[in-house]
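Please take a moment with the sequence and the structure below before reading on. The briefing that follows goes through strands, aromatic rings, charged pairs and the surface in turn.

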Amino acid sequence: MDQNKLKRHHIMRSLILAGITALLAYLILSETLRHYLAPRLHMFSYVTLVIMALLTIVSIRQIFVGSSVYDCDCEEQHKVPRTPMGSLLVYGLFVLPIVMGFVMPDKILGSDVAEKRGITLLSNDVRKLADVTANANTNANATENVEQPAVVKEDAEPSVEQQPEAINQGATPPVQATNDEQLRQRFSNGGFGDFYTDIAVSLHKQPVIELNDKVFLDGLTTMELYAKEFAGKELETMGFVYRQPDFTKQQFVVARFSVTCCTADSSVYGVLVEKEDANKWAKDSWVKVRGKLELRQVDGYDMLVLKASQVEAVSAPKDPYVYYSFEAAPDS
């Protein structure tokens, strides 16, 4: 091939490598990499950035010194595109994602994704409650004295009637322990292991449970395991507003996305919130919620609902996602 044409291919490849390197550097320096990748994998991005920078330097060198048999002893196996259309197709596959990475705005996951993937409420999947809701609404219409909480129902025709406050049947008063040992003994009887026992003790000791980023996922799981013990406790947490069409006007979910490796494997978790003016908070807006946990009996199992006393608008955190942590329980 003509050396001038070959040189143009080296220039194009160098620009592509430089673009990928610049895009990765931008994501790291602007701290937006966390929108796409879990923090535990960030180190691999740093290593990749160094490798891409070295490859860019090698490619630029080829522009000036040209290729030789010492660069690649593969003969015709690595041919450059021979036609303009071939060059446009091959290089366009690399240029397009680079341009999109710089031009398209960074956007965190929200309600649209949550609706497709389903949301987990204190370890109880909303989608699995559809049949329960249908049965509850049917029974409520047939029997005037039967009270059932409003939950999500997707496949059947939605019912959005305002539900009366449920009676905490089966709920036990919050644990009254004179010391940590008695409290630990109460939670350890559940047989869920020391990890969740430690978290349960730590959370229950707080006058107002702060379900922050560090303990969000493990805290939700713990409160589901010990639902009766946490009924009546004050809780404060933060997340985005998620709402489905069949929620009542007094309901929304304060939700967070959990990411294991990247946003492709994300899941949605949250707490069902009830408040008289809940419908004034827009979908996907970020709020901080405080209120009292109330135990509901739904088809034989316990479910905690947050009866909110305060809801205030907040800004989305730098890292909007939450992660499981082996250090979720703080030192007592």
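Two strands pair if DSSP finds at least two bridges between them. Strand 5 and strand 6 meet this condition in the antiparallel sense, with eight bridges between them. The model is predicted, and the points below should be read with that in mind.

**Strands and their partners**

- Strand 6 covers residues 267-274, and seven of its eight residues are buried, so this strand is largely enclosed by the rest of the structure.
- On the side of strand 5, F252 has V273 in strand 6 as its bridge partner, and V273 also stands opposite L306 in strand 8.
- The pairing of strand 6 with strand 8, which spans residues 301-313, is parallel and rests on two bridges.
- Strand 3 and strand 4 also run parallel, and four bridges join them; within this pairing, V208 stands opposite E234 in strand 4.
- In a regular strand the side chains alternate between the two faces of the sheet.
- Strand 3, residues 208-211, shows such an alternation, with I209 and L211 pointing to one face and being buried, while V208 and E210 point to the other face and are not buried.
- Strand 4 also contains Y242, which has a relative accessible area of 1% and is therefore buried.
- Although Y242 and W281 are 39 residues apart in sequence, their C-alpha atoms are 9.7 Å apart in space.

**Aromatic rings**

- A pair of aromatic rings is described by the distance of the centres and the angle of the planes.
- The structure holds seven aromatic pairs, and one of them is the edge-to-face pair of F187 and Y226, with 5.0 Å from centre to centre and 80° between the planes.
- Because F187 lies in helix 6 (residues 180-188) and Y226 in the loop between helix 8 (216-225) and helix 9 (227-230), this pair ties together parts that are 39 residues apart in sequence.
- Both F187 and Y226 are buried.
- F240 and F257 form a stacked pair, in which the centres are 5.6 Å apart and the planes are 15° apart.
- F240 belongs to strand 4 (residues 234-242) and F257 to strand 5 (residues 251-258), so their contact ties together parts that are 17 residues apart in sequence.
- F240 and F257 are both buried, and ring pairs link them with W286 and Y321 into a cluster.
- A charged side chain also meets a ring, as R256 lies over the face of F216 at 5.9 Å from the ring centre.

**Salt bridges**

- Side chains of opposite charge can pair when their charged atoms come close.
- Counting a side-chain nitrogen of Lys or Arg within 4 Å of a carboxyl oxygen of Asp or Glu as a salt bridge, the total comes to nine salt bridges.
- In one of these, D198 pairs with R184, and the closest N and O atoms are 2.0 Å apart.
- Since D198 lies in helix 7 (residues 194-204) and R184 in helix 6, the pair ties together parts that are 14 residues apart in sequence.
- D198 is partly exposed, with a relative accessible area of 29%, and R184 is likewise partly exposed, with a relative accessible area of 29%.
- K307 and E274 meet through their side chains in a salt bridge of 3.2 Å, N to O.
- With K307 in strand 8 and E274 in strand 6, this salt bridge ties together parts that are 33 residues apart in sequence.
- K307 is partly exposed at 25% relative accessibility, whereas E274 is buried, with a relative accessible area of 11%.
- A further salt bridge joins the side chains of K280 and D277 at 3.7 Å, N to O; K280 counts as exposed at 55% relative accessibility, while D277 is partly exposed, with a relative accessible area of 26%.
- Salt bridges with shared partners join E274, E294, R296 and K307 into one network.

**Nonpolar surface**

- I20, L89, V90, L93 and F94 form a nonpolar patch on the surface, and together these residues have about 460 Å² of accessible area.
- Helix 3 (residues 84-103) provides the largest share of this nonpolar patch, namely four residues.
- L89 has its place in helix 3, and with a relative accessibility of 58% L89 counts as exposed.

Definitions and conventions:
Residues numbered from 1 in each chain as written. Predicted model: local features only at pLDDT ≥ 70, side-chain atom pairs only at ≥ 80, totals over all residues. Heavy atoms only, no water. Phe/Tyr/Trp six-rings, centres within 6.5 Å; stacked < 30°, edge-to-face > 60°. Buried < 20%, exposed > 50% of the residue type's maximum accessible area, 1.4 Å probe, protein only. Lys NZ or Arg CZ within 6 Å of the ring centre and 35° of its normal. Patch = residues over 30% accessible without salt bridge, like charges linked within 9 Å, V, L, I, M, F, W, Y side chains within 5 Å. Areas by Shrake-Rupley, 256 points an atom, 1.4 Å probe, with all protein chains shown as cover.
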